[in-house]
Amino acid sequence: MKEPYSPVYMTCIEEAKADLRAKARPALVSLPGSIDEYDTVILAYPNYWGTMPMAVFTFLEAFDFSGKTILPLCTNEGSGMGGSERDIKRTCPGATVKGGLPITGSSAANAKGSVERWLRANGLL
Ligand SMILES: Cc1cc2nc3c(=O)[nH]c(=O)nc-3n(C[C@H](O)[C@H](O)[C@H](O)COP(=O)(O)O)c2cc1C
């Protein structure tokens, strides 16, 4: 994000909540020029307030994902995917959104096996 959230966790929580309530679309530092060359996009993000960070909405709305396949991966501290798969489907009509992979933040470093199984189940390995 051009204006990153605070490194202080409790402040970040409040800034992210305000952006969610305002349906903000925070500006990103950079975006790919095009996603034409991709058929499948692995979209990885943390669970913020039960969905994706608003900056991920900024990214999704910047492109036309119709005809593409999206694989969502969501780190979280208990809420799993939350409503993020539903929100991706709403934001990217015409995209095929596969069942997501929730990963607990504290076990992310040990998640290689589950990520590989998920990729294999989706024909990507
Ligand atoms: C603003 C904010 C909101 C969050 N909301 C949730 C939530 O609703 N549910 C949840 O399980 N975790 C929530 N978390 C925890 C993050 O999902 C967790 O920190 C992240 O997935 C792990 O990545 P990290 O190690 O980079 O923090 C939130 C974290 C932040 C900073």
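**Overall fold and ligand shell of the predicted model**

Along the sequence, the chain follows the pattern α-β-α-β-α-β-β-α. It has 4 helices and 4 strands. Helices (H or I, at least four residues) and strands (E, at least two) are DSSP runs, numbered from the N terminus. The model is predicted: local features need pLDDT of at least 70, side-chain atom pairs count only at pLDDT 80 or more, and totals for chains, interfaces and linings use all residues. Residues are numbered from 1 along each chain as its sequence is written.

The chain has a radius of gyration of 15 Å, which agrees with the value near 14 Å for a compact globule of 125 residues. This radius is taken over C-alpha atoms, and the globule rule is 2.2 Å times the number of residues to the power 0.38. The C-alpha atoms fill a box of roughly 40 × 35 × 25 Å along the principal axes. Of contacts between residues at least 6 apart in sequence, 74% join residues at least 24 apart. Two residues are in contact if their C-beta atoms, placed from the backbone, lie within 7 Å.

Of the 125 residues, 20% count as buried. A buried residue has 20 or more other C-beta atoms within 10 Å of its own, an exposed one 12 or fewer, and a partly exposed one a number in between; C-beta atoms are placed from the backbone. In helix 2 (residues 54–61), the buried residues are Met-54, Ala-55, Val-56 and Phe-57. Their cover includes helix 1, strand 1 (40–46) and helix 3 (84–91).

The ligand is surrounded by 14 residues, of which Ala-16, Pro-46, Thr-75, Ser-79 and Gly-105 come nearest. Helix 1 (9–21) and strand 2 (69–76) are the elements that give two or more residues to this shell. Helix 1 gives the most, with 3 residues. A residue is near the ligand if its C-beta atom, placed from the backbone, lies within 6 Å of it.

Strand 2 also pairs with strand 4, in the parallel sense, over 4 bridges. Pairing requires at least two DSSP bridges. Leu-73 stands opposite Leu-101 in strand 4. Leu-101 and Ile-103 form the covered face of strand 4 (residues 101–104), whereas Pro-102 and Thr-104 form the uncovered one.

Two loop residues other than glycine have positive phi. Lys-23 has phi near 50 degrees and lies in the loop between helix 1 and strand 1. Lys-23 counts as exposed because it has 8 C-beta neighbours inside 10 Å. Phi of Trp-49 is also near 50 degrees. Trp-49 lies in the loop between strand 1 and helix 2. With 16 C-beta neighbours inside 10 Å, Trp-49 counts as partly exposed.
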